[in-house]
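User: Hello! I am new to this structure and would like to learn how to read its features, step by step.

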Amino acid sequence: MENSEGVKIESTVVTEEPLISALDIALFVVIITVAYFWYFKRDKQSSSSEKKPYTIQPSSLSSIEQTSNSSFIKKLKSTGRSLVVFYGSQTGTAEEFAGRIAKEGARYKMKGMVADPEECDMADLVEMKEIQKSLAIFCIATYGEGDPTDNAMDFYEWLQNGDADLEGLNYAVFGLGNKTYEHYNEIAIYIDQRLEELGATRVHEIGLGDDDANIEDDFVSWKEKLWEGVCSHYGIEETGEESNIRQYKLVDCSEVLPERIFSGEISRLKSYENQRFPFDVKNPYLSKIAVNRELHKSGDRSCMHIEFDIDGSKMRYDTGDHVAVYPKNSSELVDKIGELLNADLDAVFSLLNTDEESSKKHPFPCPCTYRTALTYYLDITSNPRTHIMKELIEYASDPKDQEKLKLMASSTPEGKKEFHEWILRDNRNIVHILEDLPSVKPDLDHLCELLPRLQCRYYSISSSPKVYPKSIHITAVLVNYTTPTNRVNKGVATNLLAQLIPTNDELPQPTIPIYIRRSQFRLPPKSQTPIIMIGPGTGLAPFRGFIQERDYARKEGREIGEMVLYFGCRKKDEDFIYENELQEYVANETLTKLHLAFSRDQPEKKYVTHLLEQNADELWNIIGEKSGHLYVCGDARSMAKDVHSIIVKVVMEKGQMTNSQALNYVKKMEQQKRYSADVWS
């Protein structure tokens, strides 16, 4: 019944309770409803996935393809090959070297293939002995703090954790590294030694390429001796002159529908129109430029503070991480190539691998126009390597141009000298070569095959996610310089960024593709731990994020340890970046001490290393007596090395240690992550 207010009142009459109550029925209806909608949604997603746009993914395989193609042994056997060249590559150079070795194998009756260890079951190495006169070559790069490249990580861990019997495996290793870094070629050296420990036979000694000097020369010299060792080991002879065999064939795509043509996407077609999380190297996020302002107060140089908007992207970063920026080449250089080769840059084409067994069907996303390829996918501003000189010979109609290219492509002392002076010292790129050797007119599709991929540029993030969770900040110096041939070379990424100025009106804001690369450059877990930061110039970038994070902790009421910053630049009134911010952090005591070195504000140059030597007591107090952390960011070639020497000297003197004891102490600091470096050469 109901009362006067219409509210139902329970009857006091006792009735027998039914087997299924109203509540049970209600719950059953809810469960059926949820199940129905779940099934309908799943079916809808499945249906939509079947209708997804046409895509080509040259950089990766689908999971099904990876499973079916993971056995490189089956590929070798089914195609009559005996040579496999694995690469561990972060920037593309190791992959390029691997391709050149595999190609040359034909000269020694060894049909070769290139393989990405990430896409292979590397445990199959134990079966290499089943293939007659087989050989596995590893072109392996080391980057960061002695880390393997992303695509070689699983293989590296397999070697570390496994104990496979590799007896019968013949191998050789070439490493790619940089002598300015402490962990020079550490991964390649480990792989070379570990393979031998597991029973494999080294056909030729390891090659160590130094990117700080001339890694091309290192590679060519090692490669020549490698083939001598291969001939000796297998009792074979070279079959004759190497022919310039194309790896890719040209496919006319003029009839392809416009919506199926790549226009600059890294991997997935239309990925910039239909953004999908997660964002990574193959799927970058198209970020708006929220802020782009000049940091230098005067002078003819430029340093930019840029903020990338990541609001709504679900991207997360940690203080000390890097952001990768995908650049594009200037339209002037691209147009110049079209003019020099009298080519239609808007023609649509594809390059298809002639090796049907290769997992890499295209050298870059195809089909696309030549303009797109030269703008987004190919590196046209770096110094070409010697193998490109060799491939260009056949396109030279002038005997003088032909002879010059032959000389630079040769491994003779005269050839190496000419290549070093004319290409490296004079800083010529492919555009300059085509200008200065006017009779050289390569087919544009062949040139696109030869040129290396345009790589993303990495910048230390100069903000803290605690303070700026919706944006990523970087600090970048504009790169412009005049070469010995009086040409002006411009940094690909920084000159593009300089043009991306946000507006205050309703026009679409400028955008650029980015993704976050994780770093080991981290603040101590405890905010009370004292730290010393050494970062002249743009080396200040990650420390700006460090200071922001500690300042955030202080404002939350947490105790923070001493923060000492060493910063240097040329002139206080010219390039003292973030001056007001730093002075404010000193005033509120987040920054305990700020040591400044302005190298050109007095007759004798003064650098942060001079200040570091002068403050030996403070340095030892923090890293020795208080077990604090020390961070270095900036130039690896001189500054970082000088800092390391000073640290060892201070540890010797203040810690009363011998030189070997001090070196061990500093080494232990590095192992404990109390001494970290984020440097570049």
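User: Is Ser-350 buried or exposed?

Analyst: Happy to help, and please keep in mind that this is a predicted model. A residue counts as buried when its relative accessible area is under 20%. Ser-350 has a relative accessible area of 7%, so Ser-350 is buried. You will find Ser-350 in strand β12, which covers residues 348–353.

User: Which residues does Ser-350 touch, not counting residues up to four places away in sequence?

Analyst: Ser-350 touches Lys-249, Leu-250, Val-251 and Cys-253, along with His-362, Cys-366 and Pro-367.

User: Now a charged residue: which side chain of opposite charge is nearest to Glu-670?

Analyst: A salt bridge needs a side-chain nitrogen of Lys or Arg within 4 Å of a carboxyl oxygen of Asp or Glu. For Glu-670, the nearest side chain of opposite charge is Lys-667, 4.2 Å away, and Glu-670 has no salt bridge although it is buried. Glu-670 belongs to helix α22, residues 659–671. Apart from neighbours within four places in sequence, its contacts are Glu-182, His-644 and Tyr-675.

User: Let us move on to sheets. In what order do the five strands of the open sheet come?

Analyst: Follow the strands from one side to the other: the order is β21-β20-β19-β22-β23, with parallel pairing. At the edges, β21 (593–598) and β23 (675–680) each pair on one side only. Neighbouring strands in this sheet are turned by 10° against each other on average, direction ignored.

User: How many bridges link β19 and β20?

Analyst: Strand β19 (residues 531–534) and strand β20 (residues 563–569) pair in the parallel sense over four bridges. To see one pair, look at Ile-532, whose bridge partner in β20 is Val-564.

Notes
Residues numbered from 1 in each chain as written. Predicted model: local features only at pLDDT ≥ 70, side-chain atom pairs only at ≥ 80, totals over all residues. Heavy atoms only, no water. Pairing = 2+ DSSP bridges. Helix = DSSP H or I, 4+ residues; strand = E, 2+ residues; numbered from the N terminus. Axes fitted to C-alpha atoms, helices over the stretch in contact; angles between N-to-C directions. Buried < 20%, exposed > 50% of the residue type's maximum accessible area, 1.4 Å probe, protein only. Lys, Arg positive; Asp, Glu negative; His and termini not counted. Contact = heavy atoms within 4.5 Å.
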